Amino acid sequence: MDFSRGDRRRGATGLDGIDAARAYLQAGDLTAAGRALADADTTAPAEVRYRPAARTLIAEIAHSGRAAASVARLATLIGVTR
């Protein structure tokens, strides 16, 4: 399954994207982690915006200084900017 683009064929959920983002972040791939979160936000915005684990991931990526515009927007939207 390719979580970086959201695998909707198999019923991927926002939780799948959050799990994928966590894995990418642990592997040091902030770009893929951010993309997974942005995709998950498209599929299940409430899961991404209100689930504490997702909020923590968004904050970590946003504060890294290498966040994509989509992650910076999410961080601002949920109030986890600097």
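**Entry 1: Arg66**

I began with Arg66 and found its place in the loop between α4 and α5. The model I am reading is a predicted one, so I treat every value below as computed from it. I noted that Arg66 is exposed, since its relative accessible area comes to 57% and the cut-off for exposed is over 50%. I then looked up a partner in space and saw that the C-alpha atom of Arg66 is separated by 8.0 Å from that of Thr31, although the two residues are 35 apart along the chain.

**Entry 2: the chain as a whole**

I went through the secondary structure and recorded five helices and zero strands, which in sequence order gives the pattern α-α-α-α-α. For burial, I wrote down that 38% of the 82 residues of the chain count as buried. I also looked at how contacts are spread along the sequence: taking those between residues at least 6 apart, 49% join residues at least 24 apart.

**Entry 3: helix α2 and its partner α5**

I turned to α2, which runs over residues 30-43, and checked its length against expectation. Its 14 residues should span 20 Å at 1.5 Å a residue, and I found the end C-alpha atoms 20 Å apart, which agrees.

How do α2 and α5 cross? I found that the axes of α2 and α5 (residues 69-78) come within 9 Å and cross at roughly 60°, and the two helices are therefore oblique to each other. I noted the crossing of α2 and α5 as left-handed. On the α2 side the contact is made by Gly34, Leu37, Ala38 and Asp41, and on the α5 side by Ser70, Val71, Arg73 and Leu74. Sorted by class, the residues of this contact of α2 with α5 are four nonpolar, two polar and two charged.

The spacing of the α2 contact residues sent me back to helix geometry: an α-helix has 3.6 residues a turn, so residues three or four places apart point the same way.

I then listed the buried residues of α2, which are Leu30, Ala32, Ala33, Gly34, Ala36, Leu37, Ala38, Ala40 and Asp41. The elements that cover them include α1 (14-26), α3 (45-50), α4 (52-62) and α5. I marked Asp41 in particular, as Asp41 is among the buried residues of α2 and also takes part in the contact with α5.

**Entry 4: helix α4 and its partner α1**

Next I looked at α1 and α4, whose axes lie 10 Å apart and pack at an angle of about 40°; that makes α1 oblique to α4. The crossing of α1 and α4 is left-handed. I recorded Ile18, Ala21, Arg22 and Leu25 of α1 in the contact, with Ala53, Ala54, Leu57, Glu60 and Ile61 from α4. By class, the contact of α1 with α4 has seven nonpolar, no polar and two charged residues.

For burial in α4, I listed Ala54, Leu57, Ile58, Ala59, Ile61 and Ala62, and noted that these buried residues pack against α1, α2, α3 and α5.

**Entry 5: Glu60**

I closed with Glu60, which lies in helix α4 and is one of the residues in the contact with α1. Is Glu60 buried, exposed or partly exposed? I found Glu60 partly exposed, because its relative accessible area is 42%, a value that falls between the cut-offs of 20% for buried and 50% for exposed. Its C-alpha atom is separated by 9.3 Å from that of Val80, a residue 20 places away along the chain.

Key:
Residues are numbered from 1 along each chain as its sequence is written. This is a predicted model: local features need pLDDT of at least 70, side-chain atom pairs count only at pLDDT 80 or more; totals for chains, interfaces and linings use all residues. Side-chain values use heavy atoms; hydrogens and water are left out. Axes are lines fitted to C-alpha atoms, for helices over the stretch in contact, and angles run from 0 to 180 degrees between N-to-C directions. Helices (H or I, at least four residues) and strands (E, at least two) are DSSP runs, numbered from the N terminus. Angles under 35 degrees count as roughly parallel, over 145 as roughly antiparallel, 65 to 115 as roughly perpendicular and the rest as oblique. A crossing is left-handed if the near helix is turned anticlockwise from the far one by less than a right angle, and right-handed if clockwise. Contact means heavy atoms within 4.5 Å. Ala, Val, Leu, Ile, Met, Phe, Trp, Tyr, Cys and Pro count as nonpolar, Asp, Glu, Lys and Arg as charged, and the others, Gly among them, as polar. The expected span of a helix is 1.5 Å times one less than its number of residues. Buried means under 20% relative accessible area, exposed over 50%, partly exposed in between (1.4 Å probe, protein chains only).
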